[in-house]
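Thanks for coming. I have one structure today and will go through the charges, the overall fold and one loop residue.

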Amino acid sequence: MNNTITFRNMTVDDLDQVMEVEVNSFTIPWSKEAFFNELTKNQFAQYLIVEVDQKVVGYCGVWIIIDEAHITNIALLPEFRGLKLGEALMGKVLELAREMGALRVTLEVRVSNERAQNLYRKFGFEQGAIRKQYYTDNMEDALVMWVNL
């Protein structure tokens with residue numbers, strides 16, 4: 001890929017492009033209002049985006065509360081998956097969490113999403129517990145994963 005790749009904080013001006021990523025990534029996408037509230041009202045929320053040639057192709061959100069961080073969501077447009085952008089984005093978010101004082105990070109992932117689980121394991125995430133019927137679209141369980149920074 002010979003494109004210009006940048007990572008930066010998400011702004012409300014990015015929300016239309018973020019919604020394109022969101023609806024192409026999840027069966028129950030967040031609303032534009034939910035992202036707006038995260039950016040404007042949630043003091044714990046931090047969102048990074050990845051751009052390719054100034055187009056938003058992915059994002060990742062994290063809540064940082066005292067010394068713990070919780071990855072809320074990470075997504076890439078389907079045509080940009082498999083290019084190591086998700087790995088780079090996750091690395092940036094973990095770096096941000098560390099800089100803001102987080103000592104550990106957690107997230108939930110579908111038990112069937114082995115591709116995402118493999119990505120998280122690259123960063124040292126380990127299995128914690130199972131949240132039964134966590135995903136409301138199909139009642140799939142979520143695997144809780146943790147990593148110490």
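I'll start with charge. The protein has 15 positive and 21 negative charges, and the mean positions of the two sets are 4 Å apart. Lys and Arg count as positive, Asp and Glu as negative, with His and the chain ends not counted; each charge is placed at NZ of Lys, CZ of Arg, CG of Asp or CD of Glu.

Now the provenance. This is a predicted model, where local features need pLDDT of at least 70, side-chain atom pairs count only at pLDDT 80 or more, and totals for chains, interfaces and linings use all residues. Residues are numbered from 1 along each chain as its sequence is written, and side-chain values use heavy atoms, with hydrogens and water left out.

Next, the fold. There are 4 helices and 7 strands, taken as DSSP runs (helices H or I, at least four residues; strands E, at least two) and numbered from the N terminus. Their order along the sequence is β-α-α-β-β-β-α-β-α-β-β. The radius of gyration is 15 Å, close to the 15 Å from the globule rule for 149 residues, so the protein is as compact as a globular protein of that length. That radius is over C-alpha atoms, and the rule is 2.2 Å times the number of residues to the power 0.38.

Last, Pro 78. It sits in the loop between strand E4 (68–76) and helix H3 (85–99). Ser 25 is 53 residues from Pro 78 in sequence, yet their C-alpha atoms are 7.3 Å apart.
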